[in-house]
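Trainee: I have a new structure open and would like to learn how to read it. Could we go through it together?

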Protein chains: 2
Amino acid sequence: MKRTKAVLIIGDGLADRPVPELDGRTPLEAADTPNLDRVAAEGECGQMDPIGPGIRAGSDTSHLALLGYDPFQVYTGRGPFEVLGIGMEVRGGDICFRCNFSTVEGELQLTDGGFTGATIADRRAQRIAEGTHDLAQAVDGMKIEDVTCLVKESVEHRCALILRGPGLGAKVSDIDPHEEGKPPHLALGEDEASKKTARILNQFTLKSWEILKDHPVNTQRLEAGKLPANIIAARGAGLAPHLEPFAQRYGIKGAAVVETGLIAGIARYLEMTIPDVPGATGGADTDELALAQAIIAMLEDHDFVLCNLKAPDLGGHDSQPEPKIKAIEKLDNLVAYVRAHAPAGLHLAVTADHATPISFGDHTGDTVPLAICGPNVRPDSVRSFGERAVVAGGLSRLRGSDIMNILTNLMGTQEKYGA
Amino acid sequence: MKRTKAVLIIGDGLADRPVPELDGRTPLEAADTPNLDRVAAEGECGQMDPIGPGIRAGSDTSHLALLGYDPFQVYTGRGPFEVLGIGMEVRGGDICFRCNFSTVEGELQLTDGGFTGATIADRRAQRIAEGTHDLAQAVDGMKIEDVTCLVKESVEHRCALILRGPGLGAKVSDIDPHEEGKPPHLALGEDEASKKTARILNQFTLKSWEILKDHPVNTQRLEAGKLPANIIAARGAGLAPHLEPFAQRYGIKGAAVVETGLIAGIARYLEMTIPDVPGATGGADTDELALAQAIIAMLEDHDFVLCNLKAPDLGGHDSQPEPKIKAIEKLDNLVAYVRAHAPAGLHLAVTADHATPISFGDHTGDTVPLAICGPNVRPDSVRSFGERAVVAGGLSRLRGSDIMNILTNLMGTQEKYGA
């Protein structure tokens, strides 16, 4: 019962549909992928529904499922995962909000009956693009009662707010009135815990205005004839779920070699190791060998490494077959390096988190191909790695949530269920 | 991201087992079906478990699953769906009963302690076959407190009762004593809402007797020496579930071109459009081209059309291979018409709601074949439409509850789950 290690490589958005310009082949079928084909030929193949048949997965819900966390149980809404996506650290129990930097006109006051004295003149502060980092910094870390308020800017006028402290609930209404000419809405909580959240959030809103209205970024905007971004209008409260850390769930040490903030955020949430990979840009120009080297380095003191290569997804979103093919060939190159430098007995799985078909330009619910090679698999008749070639494989049709069980079974690290 | 439309054609009871008289072929394998084979050849195939592997589906539970409503969640018993099956309109919250027209002898009285003064002489009123429509009409629409009592006859002595009104529960015992020589049972409710139902039901039972005992149908029966059908004895209370309408669940407009009351009832429950199709008899003589024309007409202003052709099921129930083969060839003809007249870009799926094998004469839990063609599928190697041919297909093995997700994915109308 020797234990082995495993690597799970995700080609982001890898799967596709037949492309007329490629003579009806998919980009994966058309790409030159001798190393992926070797994994398929030496291993066991199948098709996989990241979430379930036909369901259009996001990268967040899919990676949760691939790591064995049922998104239908733990994904309470985009809030907490969007906050992860912009690189904030989220903890179970955090109340996460999507926010706008908005413009209010007047002298804002907070009374028991609501906000008065000022109205929202522009919900997006003229889509402010510069200076939001400084504005976020000015209010980040504010303490109200026993709650810490964490703020980080996102793109344009968007930012995120986390309320972190004991006894907070997420059933709280929006500050953002969702229309202009109105004062900010008073946040109201449904239950005791959410009433506390509402009280803190209303205070935060007032105090953020007090700090932001005279901030140098806004003084300069006013001088330049622009609207100030002088209030943070929160909406879409979401409770960050308490997820069992990866190591605790599986009894093995896991790392994530990934390129996007959203997936890094999920891995951090599960307390996996996330190495910094210079050269991993998340773009078409990414250094795939840097990712491969990071995987090999992580394998030294980890049992399991997840790797996500973002580039294939970009070609899909842009509806460009050639960049997608080139990205897939980078994936092939990455796999070649890992296999050449892997410790003996490694199990290697290659799959995708969802399809991003050239013809559709966004994620679809089609199956993705899956191949697993290593000493403990039962090799099948499949000889190449493609959406249709793997259909005949020994793994048949699986779900993303099955993968960790299958890998820990092959690794010999899984506890027996029963006697 | 162009949206397309879809048609889901169900051959009722289509799937089968090898038949010795057909040299071990199934009726579908033996039938001449060039158009079904073309769908399979151009499309993607697989086998489907309508409810789950090996589970013997009814037409009601199967169609609920095929439309994406989990029967294990929403099917609270036969009551509400039997009521649909005899053509009554059911609404979420209705309390539905299966009833008998029975014979009581004596002068019925309702006291706090129960019904007295009369006993059930025949639970089935000598299996009364004629006049039940008039009897049902005589009590249909009765108002008791704020509840409306709706009654409709079914076959022989059977009828159905719906109690419709606010605050009703379904945990109520039967009026029918299930044996003769006893008075009707006093209905009792378990909780507050069901106590209200019981109170109304007891009143309804007394009042139905008061109206029916002197009804001309019964006067004539007495004159002819027959037992009168002078009371409605209810049993098997069931709460009609609140189902999210089809359009709300999927964000698309759906129609159902169907032949049987039960399936029409389910579609009506989901607020789908149900066109009248002259020539659709539900029998072996049905005009399949009238069904096909109705599908094409519905596609003009609907995104999705479900069609059920009943005839294949009849041959199965009768254990007659030849009528089943002929019915399957009608299905082939229907598909030919739809494909010839379909709008560009249509996705067409063909499958069954369950198997009704010649050798068994009733529904079985075998898988059913599935083929889907259209612009967004990944064609596979299957070249004919049959129970065994589709096994090698790209869809592998699915469940009925996956179909709507798969179709809305192909149609490009499904919302992404996650980011």
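Mentor: Sure, let's start with one side chain: B:Arg123 is buried, with a relative accessible area of 11%. Keep in mind that this is a predicted model.

Trainee: Which residue does B:Arg123 form a salt bridge with?

Mentor: The partner is B:Asp176, and the closest N and O atoms lie 2.5 Å apart. The two come from distant parts of the chain, 53 residues apart. B:Arg123 sits in the loop between strand 4 (114–122) and helix 6 (132–139) of chain B, while B:Asp176 sits in the loop between strand 7 and helix 7 (192–212) of chain B.

Trainee: And is B:Asp176 buried or exposed?

Mentor: Buried, at a relative accessible area of 1%. The cut-off is simple: under 20% is buried, over 50% is exposed, and partly exposed is in between.

Trainee: Can we try that on another pair?

Mentor: Take B:Asp146 and B:Lys196, whose side chains meet in a salt bridge at 3.0 Å, N to O. This pair also links distant parts of the chain: B:Asp146 is in the loop between strand 5 (142–144) and strand 6 (147–153) of chain B, B:Lys196 is in helix 7 of chain B, and they are 50 residues apart. B:Asp146 has 36% relative accessibility, so it counts as partly exposed. B:Lys196, at 13%, counts as buried.

Trainee: Which residues are joined into one network by salt bridges that share partners?

Mentor: A:Arg56, A:Asp362 and B:Lys416. That network has members from chain A and from chain B.

Trainee: How many salt bridges does the structure hold over all chains?

Mentor: There are 37. One of them joins B:Asp49 to B:Arg397, with the closest N and O atoms 2.7 Å apart. Follow the chain between them: B:Asp49 is in strand 2 (residues 44–49) of chain B and B:Arg397 is in strand 13 (residues 396–399) of chain B, 348 residues apart. B:Asp49 is buried at 2% relative accessibility, whereas B:Arg397 counts as partly exposed at 42%.

Trainee: Now an arginine with other kinds of contact. What does the side chain of B:Arg164 reach?

Mentor: It reaches the backbone oxygen of B:Glu89 at 3.0 Å. The B:Arg164 side chain also makes a polar contact with the side chain of B:Asp94, at 2.8 Å. You'll find B:Arg164 in strand 7 (residues 158–164) of chain B. Leaving out residues up to four places away in sequence, B:Arg164 touches several others, including B:Val90, B:Arg91, B:Val147 and B:Leu150. B:Asp146 is among the residues touched too; you met it in the salt bridge with B:Lys196.

Trainee: So is B:Arg164 buried or exposed?

Mentor: At 19% relative accessibility, B:Arg164 counts as buried, since the cut-off is under 20%.

Trainee: Let's move on to sheets. In what order do the strands of the open sheet in chain A run?

Mentor: Reading a sheet means following neighbours across it. In chain A, seven strands form an open sheet in the order 9-10-1-11-12-2-13, with mixed pairing. Strand 9 (254–257) and strand 13 (396–399) of chain A are at the edges; each has a single partner strand, so one side of each lacks a neighbour in the sheet. From one strand to the next, the twist averages 25°.

Trainee: What packs on that sheet?

Mentor: Helix 14 (residues 403–411) of chain A does, touching strands including strand 1, strand 11 and strand 12 (368–373) of chain A. The helix direction makes about 10° with that of strand 12 of chain A.

Trainee: In which sense do strand 1 and strand 11 of chain A pair?

Mentor: Strand 1 (residues 6–11) and strand 11 (residues 347–352) of chain A pair in the parallel sense, over six bridges. For a landmark, look for A:Ile10 opposite A:Thr351.

Trainee: What is the strand order in the open sheet of chain B?

Mentor: Its seven strands run 9-10-1-11-12-2-13, and the pairing is mixed. The twist in this sheet averages 20° from one strand to the next. Helix 11 (residues 288–299) of chain B packs on the sheet, touching strand 1, strand 9 and strand 10 (304–309) of chain B.

Trainee: Last one: how do I relate the two chains?

Mentor: Two copies of a chain are related by a rotation about an axis and a shift along it. Here, chain B can be laid on chain A with an RMSD of 0.2 Å by a turn of 122° and a shift of 0.1 Å along the axis. That is the relation of a three-fold axis. The copies use different surfaces, as 4% of the contact residues of chain B recur in chain A.

Note on methods: Residues are numbered from 1 along each chain as its sequence is written. Chains are lettered from A and ligands numbered from 1 in the order in which they are written. This is a predicted model: local features need pLDDT of at least 70, side-chain atom pairs count only at pLDDT 80 or more; totals for chains, interfaces and linings use all residues. Side-chain values use heavy atoms; hydrogens and water are left out. Copies are superposed by least squares on the C-alpha atoms of residues with pLDDT of at least 70 in both. Contact means heavy atoms within 4.5 Å. Two strands pair if DSSP finds at least two bridges between them. Helices (H or I, at least four residues) and strands (E, at least two) are DSSP runs, numbered from the N terminus. Axes are lines fitted to C-alpha atoms, for helices over the stretch in contact, and angles run from 0 to 180 degrees between N-to-C directions. Buried means under 20% relative accessible area, exposed over 50%, partly exposed in between (1.4 Å probe, protein chains only). A polar contact is a pair of N or O atoms within 3.5 Å; within protein, one must be able to donate a hydrogen and the other to accept it, and residues adjacent in sequence count only if both atoms are side-chain atoms. A salt bridge is a side-chain nitrogen of Lys or Arg within 4 Å of a carboxyl oxygen of Asp or Glu.
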